[in-house]
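This report describes selected local and global features of the structure shown below. Attention is given to the overall fold, to individual side-chain environments and to backbone geometry.

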Amino acid sequence: MTNADFIYTTYIKSTPEKVWAAITNPEFTRQYWGHDNISDWKKGSDWKHADGKGGSARIIGKVLESNPPKRLVLTWADPADTADDSKVTFEIDTVQDLVRLNVIHGDFKPGSVMATKVVIGWPLVLSSMKSLLETGKAIDIMALKQCGSATVKETAA
Amino acid sequence: MVTHDDKVFKALADASRRQLLDRLRKKNGLTLSELCDGHDMSRQAVTKHLVLLEEANLVTTAKQGREKLHYLNPVPINEIYTRWIGKFERKQVQALHNLKQALEESNDD
């Protein structure tokens, strides 16, 4: 059982198959998440969240469980700090005519730096995925992510 | 017709419910009893507020054994944010927010 630190839920007008593809198909993830999710998504395989066209990996891990289009469990770490790893579970189910996507992120190491980053990242990624699946248009997530680094100094300049 | 946005704004339009969200932001995954601790509200009142927060998808719950744990879910708030703040304004809004925070923190010294 995952020791859940964060659970993010979003309801999307879509199908479980499309939501599964939105997580596992780099053509999709590039549009709303900014980078490619690459793996064969089989249990035991490696996966990575990487810059397109064979670029460097931002997040790496293993596929722990894979049950398309319902459940995907991954380990999650910055390649520069693999000791600070954690676990992400994607749960996809339907509620009436909507798909409910739960992203459960947990099993962080004590004092995890990654834990402080994902609290900013997940709400953006999930809003952007919902927007892409429902309207065909994603949010400009890279512009949003830069906001976090905007500083008071920049305002003064 | 009550839209999902209506539910989010209604849920946020109450100081006690905002306080419950603040509690979860500080410490996620609390039980009902933990959320009741240190509150003047009755257990029934907290339960009622949590139902509204859950319906607005601002709180997500998970079962752990016999316990029900409550998690802050900021995704609907992010949707509202991206709806009204254009991509070119975000940096300026964030910078102003940071400035306000820095100024208010220095007041506390």
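## Contacts and overall organisation of chain A

In chain A of this predicted model, 44% of the contacts between residues at least 6 apart in sequence join residues at least 24 apart. Chain A has 157 residues, and 47% of them count as buried.

The secondary structure of chain A amounts to 5 helices and 7 strands. Along the sequence these elements follow the order β-α-α-β-β-β-β-β-β-α-α-α.

## Surroundings of S86(A) and W122(A)

S86(A) belongs to strand β6 of chain A, which covers residues 81-95. Its relative accessibility is 3%, and S86(A) is therefore classed as buried, the cut-off being under 20%. Residues that lie far from S86(A) in sequence are brought towards it: the C-alpha atoms of S86(A) and N3(A) are 9.8 Å apart, although 83 residues separate the two along the chain. Beyond its neighbours within four places in sequence, S86(A) is in contact with L74(A), T75(A), W76(A), H105(A), G106(A), D107(A), F108(A) and M114(A). With H105(A) there is also a polar contact, formed between the two side chains at 2.9 Å.

W122(A) is located in helix α3 of chain A. Its relative accessible area is 3%, so W122(A) is buried. The C-alpha atoms of W122(A) and T9(A) are separated by 9.9 Å, with these positions 113 residues apart along the chain. When residues up to four places away in sequence are not counted, W122(A) touches Y8(A), W33(A), W76(A), V88(A), F90(A), V103(A) and H105(A). The side chain of W122(A) makes a polar contact of 2.9 Å with the side chain of H105(A). The side chain of H105(A) thus has polar contacts with the side chains of both S86(A) and W122(A). W76(A) likewise appears among the contacts of S86(A) and among those of W122(A).

## Surroundings of H49(A)

H49(A) is part of strand β3 of chain A, residues 46-50. With a relative accessibility of 4%, H49(A) counts as buried. Its side chain forms a polar contact with the side chain of H35(A), at a distance of 3.4 Å.

Apart from neighbours within four places in sequence, the residues in contact with H49(A) are W33(A), H35(A), D36(A), N37(A), A57(A), R58(A) and I59(A). W33(A), named in this set, is also touched by W122(A).

## Geometry of helix α3(A)

Helix α3 of chain A comprises 23 residues, 113-135. From its first C-alpha to its last it reaches 34 Å, which is close to the 33 Å expected at 1.5 Å a residue. Within α3(A) there is a kink of about 30° at V119(A), shortly before the proline P123(A).

Both ends of this helix have features to note. At the N-terminal end, S112(A) acts as a cap, with a side-chain oxygen 3.2 Å from the backbone nitrogen of M114(A). M114(A) is also one of the residues in contact with S86(A). Just after α3(A), G136(A) adopts a positive phi of about 80°.

## Backbone geometry in the loops

Most residues other than glycine have a negative phi, and most peptide bonds are trans. Several loop positions are considered here against that background. P68(A) and P69(A) are joined by a cis peptide bond, with omega about -5°. P69(A) is situated in the loop between β4 (57-67) and β5 (71-78) of chain A.

Two non-glycine residues with positive phi are also found in loops. W41(A), with phi near 55°, is in the loop between β2 (36-38) and β3 of chain A; at 10% relative accessibility, W41(A) counts as buried. N57(B) has phi near 65° and lies in the loop between α4 (43-55) and β1 (59-64) of chain B. The relative accessibility of N57(B) is 6%, so N57(B) is buried.

## Helix packing in chain B

In chain B, the axes of helix α1 (residues 4-12) and helix α5 (residues 75-84) come within 11 Å of each other and cross at roughly 110°. This angle makes α1(B) roughly perpendicular to α5(B), because crossing angles of 65 to 115 degrees fall in that class. On the side of α1(B), the contact involves H4(B), D5(B), V8(B) and F9(B); α5(B) contributes P76(B), I80(B), R83(B) and W84(B).

Definitions and conventions: Residues are numbered from 1 along each chain as its sequence is written. Chains are lettered from A and ligands numbered from 1 in the order in which they are written. This is a predicted model: local features need pLDDT of at least 70, side-chain atom pairs count only at pLDDT 80 or more; totals for chains, interfaces and linings use all residues. Side-chain values use heavy atoms; hydrogens and water are left out. Helices (H or I, at least four residues) and strands (E, at least two) are DSSP runs, numbered from the N terminus. Buried means under 20% relative accessible area, exposed over 50%, partly exposed in between (1.4 Å probe, protein chains only). A polar contact is a pair of N or O atoms within 3.5 Å; within protein, one must be able to donate a hydrogen and the other to accept it, and residues adjacent in sequence count only if both atoms are side-chain atoms. Contact means heavy atoms within 4.5 Å. The expected span of a helix is 1.5 Å times one less than its number of residues. The bend at a residue is the angle between axes fitted to the seven residues ending there and the seven starting there. Axes are lines fitted to C-alpha atoms, for helices over the stretch in contact, and angles run from 0 to 180 degrees between N-to-C directions. Angles under 35 degrees count as roughly parallel, over 145 as roughly antiparallel, 65 to 115 as roughly perpendicular and the rest as oblique.
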